[in-house]
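Got the model open in your viewer? Let's walk through it one selection at a time.

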Amino acid sequence: MSSMNKRATAENRFDFWEKRRGRIFSRRGGWIIGEAIYNCGYSMMDDLVGKASFFQVLVLNVTGRLPERRLADWLEAVYICMSWPDARIWCNQIGSLAGTMRASCVAAVCAGVQATDSPLYGVAPLRAGTHFIVEALALKKQGLTAEDIVERQCRRPGSKPTIVGYARPVATGDERVVALERVTAELGYERGEHLSLAFDIDAVLHERYGERMNIVGYVTGFMSDLGFSVEEICRIFTTVVNSGVHACYAEAAEQPPESFFPLRCEDIDYQGHPPRPVPDPDRGKEP
Amino acid sequence: MTDKTKAPKVERRQVKYASRTPTRIWQEEPTADNPYLPARCRCHGYDLFELMAKRRFADVLFLLFNGELPTADQADLLEALMIACINPGPRHPATRAAMNAGVGKTYAVHILPIALSVMGGQHLGGGEVEETMRFLRRSLRRDAAACAQELLAEAKRPAEGDWHIAPGFGSRFGGIDPLPNQMAGLFHQQPASGAALAWGAAFAEALAPHNLGWLLPGVAAAVLCDLGFHPRAGSGLFQIFTAPGLLAHGLELANKPITAMPFLDKEHYVIDEQARNRRK
């Protein structure tokens, strides 16, 4: 290979990075000083402030699409459903613990929100829940019934199925589904095919196993009916527990430090190795 | 809504929760007159003060996660890895997050959590360490070169950007990252090195003709596997190892003016036309 060719090949290798070096490219928008702050084709100060709600702009920022106002109202209802002032809930207790340690509110809420990045509760189940209902609808279109779909989720014949979006860790039943269903109707939404199937699955689970659809099942069915992708759904609900963490932080921060749920030494159940002497480092090495 | 869904009965599950949180790691013995204050702490049975007197930091770190003290060879390898990872460097996205926080006068106490959140990423971060550890554990019984050939045949090189053909292995900025490969070679020669480093070396060798090699998370993962750490610990340990450099760079910018870092002008912050066209 000639030296010129070698140089050309090397330049091609770095083209991808060189084009981006020292520059930021945005399809979403930004601030042109003295002109406007652009966001997905809107001027934020002219077109959005005072005209669109916070949740409309949140969806715009996540998806690049400005939704209708009633969807923003519906999303706000979900955020209220998911933010309780109960310091036993894991993410909320992190807020309380941050408050009692006099961490800043910003740190507390960020930490609480981060805790919901969990497959057990919070935001991550939305991913699995959306995958499930989208795949379930595809199966239904292939001719399977809700009963068949539920049965496929059983690890072995006759066992209880585990389906994200149905059943909850601490309680059975979910009062938030009823509340959201009311909001959905008030806002004039029709039940689409994903959510209808979710209710069919709920009925099967209720009859056979005494389990009910939870808020994840409801939200993922509703959002899938509106055409949101898995990633979009997860991103829209990233901070869904935020105000519950706030409540728990505020309450603990207003009490004396380290007074939230204090533990005696004996309140921890030590199950480890009994006391033993520390051996000297081997090979005679000094630490 | 059916009648059944109108009023679901919400009841606490009949699940027994522990009355006390268990731990096998740490024992605290209270003082005689205050049940909240520990007079003595033990880590897996070893008195903290005795550990302070006799052992180095890497020993106790190893003990915390593995339940037993390391051999001197294991501690040497762990400490060498900790030094290798101590600073991802000023161009790493996690370091730049720390620097942004620093120059933005974010309270110093937040700099590390901010940077570590970025360092938790699946690409070159803690997330990739954990994935690599799982990949290595799955792959160790296979022939490394054959595994590489199989992946090369099956996987498709992305049209743009880098290619991580397997977690912990791939290209960086279009080439083989020399330092992780050099580090892996060094660690592989250490007495505590084991099957994961050996397998990774063979795998990287098979990938080299394709301009792919060890990445830093891959090296960290192989060392942690050989030292007996669980993959779940890998992501957090990598965050711990990189934390000093992240914090140092963040703090370095904290007492500098906000002009000490670039704030691009409009020629260099390029807004796509579609974002500027007003929608009515």
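Over all chains, the count comes to 32 salt bridges, where a salt bridge means a side-chain nitrogen of Lys or Arg within 4 Å of a carboxyl oxygen of Asp or Glu. Keep in mind that this is a predicted model, where local features need pLDDT of at least 70, side-chain atom pairs count only at pLDDT 80 or more, and totals for chains, interfaces and linings use all residues. Residues are numbered from 1 along each chain as its sequence is written, chains are lettered from A and ligands numbered from 1 in the order in which they are written, and side-chain values use heavy atoms, with hydrogens and water left out.

Select A:Asp174 and A:Arg176 to begin. They form a salt bridge, with the closest N and O atoms 2.8 Å apart. Both A:Asp174 and A:Arg176 are buried; buried is under 20% relative accessible area, exposed over 50%, and partly exposed in between (1.4 Å probe, protein chains only).

Now pick B:Arg13 and A:Glu211. Their closest N and O atoms are 2.9 Å apart, in another salt bridge. This pair crosses between chains: B:Arg13 sits in the loop between strand E1 (11-12) and strand E2 (21-23) of chain B, and A:Glu211 in the loop between H10 and H11 of chain A. Helices (H or I, at least four residues) and strands (E, at least two) are DSSP runs, numbered from the N terminus. B:Arg13 counts as buried at 16% relative accessibility, and A:Glu211 is buried too, at 7%.

While you're at that loop, show the helices on either side. At what angle do H10 and H11 of chain A pack? The angle between H10 (residues 193-209) and H11 (residues 215-225) is about 155°, and their axes are 6 Å apart. Axes here are lines fitted to C-alpha atoms, for helices over the stretch in contact, with angles running from 0 to 180 degrees between N-to-C directions. H10(A) and H11(A) are therefore roughly antiparallel (under 35 degrees is roughly parallel, over 145 roughly antiparallel, 65 to 115 roughly perpendicular, the rest oblique). Among the residues in contact (heavy atoms within 4.5 Å) are A:Leu195 and A:Phe199 of H10(A), and A:Tyr218 and A:Phe222 of H11(A).

Next stop: A:Ser96, in helix H5 (residues 90-100) of chain A. A:Ser96 counts as buried at 1% relative accessibility. Leaving out residues up to four places away in sequence, A:Ser96 touches A:Ala87, A:Cys248, A:Tyr249, A:Ala252 and A:Phe260.

Stay in chain A and find strands E2 (residues 29-32) and E3 (residues 36-39), which pair antiparallel over 4 bridges; two strands pair if DSSP finds at least two bridges between them. Together E2(A) and E3(A) make a hairpin with 3 residues between them, and A:Gly34 in the turn has a positive phi of about 85°. Opposite A:Gly30, the bridge partner in E3(A) is A:Tyr38.

Over to chain B, where an open sheet of 3 strands runs in the order E3-E4-E5 with antiparallel pairing. Strands E3 (26-30) and E5 (46-47) are at the edges with a single partner each, so one side of each has no neighbour in the sheet. Two residues to click here are B:Arg42 and, opposite in E5(B), B:Asp47.

Finish with B:Glu79 and B:Arg56, a salt bridge with its closest N and O atoms 3.3 Å apart. B:Glu79 lies in helix H4 (residues 72-84) and B:Arg56 in the loop between helix H2 (48-54) and helix H3 (57-66), so the pair ties together parts of chain B that are 23 residues apart in sequence. Add B:Arg55, B:Asp59 and B:Asp76 to your selection to see the network of salt bridges that also includes B:Arg56 and B:Glu79.
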